[in-house]
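Reader: Please show me this model and explain, term by term, how each label is earned.

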Amino acid sequence: KATDANAGAERKFQATASTLTTTKNGKETILAYKLNADKTPHEVELTETKDGKAETLYGIYKLDGDLLTICVAKSGKAEDRPKEFKTDAGDKTMILVLKKD
């Protein structure tokens, strides 16, 4: 579970071996993901298919106990992949912190 600070709504997340499903206000979004733990920081690619077109977010992740932190660039460009777990006002990154129930 996570709270969407922008919309004030609670989102639920469910992960399988290859997908991350988010549910907000009854609407489900399925993202395929790929992990690369060989990189430092570890890399993640989240891909959603809308109207037959794939849109990918490039990011980094870390797992600390039951907490998964993901930082992604909203631009959809691999070269914009974050290098650190931070966001600044006006930049095009977002951070998700998920806790296992």
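Author: Let me begin with secondary structure: helices (H or I, at least four residues) and strands (E, at least two) are DSSP runs, numbered from the N terminus. With those terms, Pro-41 is placed in the loop between strand 4 and strand 5. Please keep in mind that this is a predicted model, in which local features need pLDDT of at least 70 and side-chain atom pairs count only at pLDDT 80 or more, while totals for chains, interfaces and linings use all residues. Residues are numbered from 1 along each chain as its sequence is written, and side-chain values use heavy atoms, with hydrogens and water left out.

Reader: What makes up the chain, in helices and strands?

Author: Eight strands and zero helices. Read from the N terminus, the order of elements is β-β-β-β-β-β-β-β.

Reader: How do you know that the radius of gyration agrees with a compact globule?

Author: The rule for a globule is 2.2 Å times the number of residues to the power 0.38, and the radius is taken over C-alpha atoms. For 101 residues a compact globule would come out near 13 Å, and the chain has 13 Å, so the two agree. The C-alpha trace spans about 35 × 35 × 30 Å along its principal axes.

Reader: Why is Arg-81 called buried?

Author: Buried means under 20% relative accessible area, exposed means over 50%, and partly exposed lies in between (1.4 Å probe, protein chains only). Arg-81 has 12% relative accessibility, so it counts as buried. Across the chain, buried residues make up 26% of the 101 residues.

Reader: What makes the pairing of Arg-81 and Glu-43 a salt bridge?

Author: The term asks for a side-chain nitrogen of Lys or Arg within 4 Å of a carboxyl oxygen of Asp or Glu. Between Arg-81 and Glu-43 the N to O distance is 3.6 Å, so the pair qualifies. It links distant parts of the chain: Glu-43 is in strand 5 (residues 42-50) and Arg-81 is in the loop between strand 7 (67-73) and strand 8 (93-99), 38 residues apart.

Reader: Where does Glu-45 lie relative to Arg-81 in the chain?

Author: The closest N and O atoms of Glu-45 and Arg-81 are 3.4 Å apart, and the two form a salt bridge. Glu-45 lies in strand 5 and Arg-81 in the loop between strand 7 and strand 8, so this pair ties together parts that are 36 residues apart in sequence. With 26% relative accessibility, Glu-45 counts as partly exposed. Glu-43, Glu-45 and Arg-81 are thus linked in a network of salt bridges.

Reader: How many salt bridges are found in the whole structure?

Author: The search finds three. One of them joins Lys-86 and Asp-88, whose closest N and O atoms are 3.7 Å apart. Both partners are partly exposed: Lys-86 has a relative accessible area of 41%, and Asp-88 has 45%.

Reader: Why is Ala-54 called exposed, and Thr-29 buried?

Author: Ala-54 has a relative accessible area of 52%, which puts it in the exposed class. Thr-29 has 17% relative accessibility, so it counts as buried. Ala-54 belongs to strand 6 (residues 53-64), whereas Thr-29 belongs to strand 4 (residues 27-36).

Reader: Which residues is Thr-29 in contact with, leaving aside its neighbours within four places in sequence?

Author: Contact means heavy atoms within 4.5 Å. On that basis Thr-29 is in contact with Leu-20, Thr-21, Thr-22 and Glu-48. With the same kind of neighbours left aside, Ala-54 is in contact with Thr-47, Glu-48 and Thr-49. Glu-48 therefore appears in both lists.

Reader: What makes the backbone at Pro-41 and at Asn-25 worth a look?

Author: A cis peptide bond joins Thr-40 and Pro-41, with omega about -5°. For Asn-25, phi is near 50°, a positive value in a residue other than glycine. Asn-25 lies in the loop between strand 3 (19-24) and strand 4, and its relative accessible area of 68% makes it exposed. Asp-51 also has phi near 50°, again positive and again not a glycine. It sits in the loop between strand 5 and strand 6, and at 85% relative accessibility it counts as exposed.
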